[in-house]
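Visitor: I am new to this structure and should like to learn how to read it. May we proceed feature by feature?

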Amino acid sequence: MVAWTSTDMFILDVVADDIENLGDIVLRLNSSVPSAWRHRAGRSFAREEVVLSLSRLVKHNLLQTYVEDDKEPALRALSSSSLPSEAYETAWFGITPQGRIVHSSWEPDNRSSNQD
């Protein structure tokens with residue numbers, strides 16, 4: 001069984017309702033609004049930390065990776081557990097059914113017991 005970090009869970013929460021790119025995920029984690037994860041965690045999230053979590057979540061099929069389609073203005077899903085071959089800035093990430101199960105069983109009030 002994988003021990004998910006608080007950053008993993010925060011990212012699942014950020015993408016629970018929409019597909020997001022790396023920049024948007026980092027922005028939402030570090031938002032200045034009081035309900036943002038930066039305030040609740042008591043720290044900011046570095047891009048490198050987010051990339052590591054994204055990699056772990058994709059590898060374990062909790063997130064799906066998407067890239068822009070070459071033929072039409074749409075996103076194309078990569079095969080399951082596939083990471084982007086190019087820079088993470090060009091990829092988008094969405095929660096998978098397995099990710100929804102993990103996210104729905106998470107209790108954010110207990111986040112201090114699962115620190116990074």
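**Salt bridges**

Guide: Let us begin with a charged pair: Arg28 and Glu20 form a salt bridge, with their closest N and O atoms 2.9 Å apart. Please keep in mind throughout that this is a predicted model.

Visitor: Is Glu20 buried or exposed?

Guide: One reads this from the relative accessible area, where under 20% is buried and over 50% is exposed. Glu20 counts as buried because its relative accessibility is 8%. Its partner Arg28, at 40%, falls in between and therefore counts as partly exposed.

Visitor: How many salt bridges does the structure hold?

Guide: The structure holds four salt bridges. One of them joins the side chains of Arg56 and Asp8, at 2.9 Å from N to O. This pair links distant parts of the chain, since Arg56 belongs to helix α4 (residues 47-59) and Asp8 to helix α1 (residues 6-14), 48 residues apart.

Visitor: How should the surroundings of Arg56 and Asp8 be described?

Guide: Asp8 has 0% relative accessibility, so it counts as buried. Arg56 has 28%, which means that it counts as partly exposed.

Visitor: Which residue forms a salt bridge with Glu89?

Guide: The partner of Glu89 is Arg47, and their closest N and O atoms are 2.6 Å apart. This pair, too, links distant parts of the chain: Glu89 lies in the loop between β3 and β4, while Arg47 lies in helix α4, 42 residues away. Glu89 is partly exposed because its relative accessible area is 45%. Arg47 also counts as partly exposed, because its relative accessibility is 34%.

**The sheet**

Visitor: In what order do the strands of the sheet stand?

Guide: The general idea comes before the case. Strands of a sheet pair through backbone hydrogen bonds, either parallel or antiparallel. Here four strands form an open sheet in the order β1-β4-β2-β3, with antiparallel pairing. The edge strands are β1 (20-21) and β3 (75-77), each of which pairs on one side only.

Visitor: How many bridges join β2 to β4?

Guide: Five bridges join strand β2 (residues 63-68) to strand β4 (residues 91-95), and the two run antiparallel. Opposite Leu63 stands Ile95 of β4, and opposite Tyr66 stands Trp92 of β4.

Visitor: And what joins β2 to β3?

Guide: A hairpin of six residues makes the connection. The two strands run antiparallel and are joined by three bridges; in β3, Leu75 is the bridge partner of Glu68.

Visitor: How many residues of β2 are buried?

Guide: Five of the six residues of β2 are buried, and the strand is mostly covered.

**The nonpolar core**

Visitor: Why look for a nonpolar core?

Guide: In soluble globular proteins, nonpolar side chains tend to be buried together. In this model the largest nonpolar core has 26 residues, and those with the most contacts inside it are Ile25, Leu29, Val50, Leu54 and Leu63. At least two residues of this core come from each of α1, α2 (22-29), α4 and β4.

Visitor: Which residues does Leu29 touch?

Guide: Setting aside residues up to four places away in sequence, Leu29 touches Phe10, Ile11, Val14, Ala36, Trp37, Arg38, Phe45 and Val50. Arg40 offers a further point of reference: Arg40 and Leu29 are eleven residues apart in sequence, with their C-alpha atoms 10.0 Å apart in space. Arg40 lies in helix α3 (residues 37-41).

**A polar contact**

Visitor: With which side chain does the side chain of His103 make a polar contact?

Guide: The side chain of His103 makes a polar contact with that of Asp13, at 2.8 Å. His103 is placed in helix α5 (residues 97-104). Beyond its neighbours within four places in sequence, His103 is in contact with Met9, Leu12, Asp13, Ala16 and Ile95.

**Confidence**

Visitor: Where is the pLDDT below 50?

Guide: One should first consider the chain as a whole: its average pLDDT is 88, and 91% of the residues score at least 70. Over residues 110-116 the pLDDT is below 50, and this stretch has 13 contacts in the model beyond near neighbours in sequence.

Note on methods. Residues numbered from 1 in each chain as written. Predicted model: local features only at pLDDT ≥ 70, side-chain atom pairs only at ≥ 80, totals over all residues. Heavy atoms only, no water. Pairing = 2+ DSSP bridges. Polar contact = N/O pair within 3.5 Å; in protein donor to acceptor, adjacent residues only side chain to side chain. Contact = heavy atoms within 4.5 Å. pLDDT = per-residue confidence, 0-100. Buried < 20%, exposed > 50% of the residue type's maximum accessible area, 1.4 Å probe, protein only. Core = buried A, V, L, I, M, F, W, Y, C linked by side-chain atoms within 4.5 Å.
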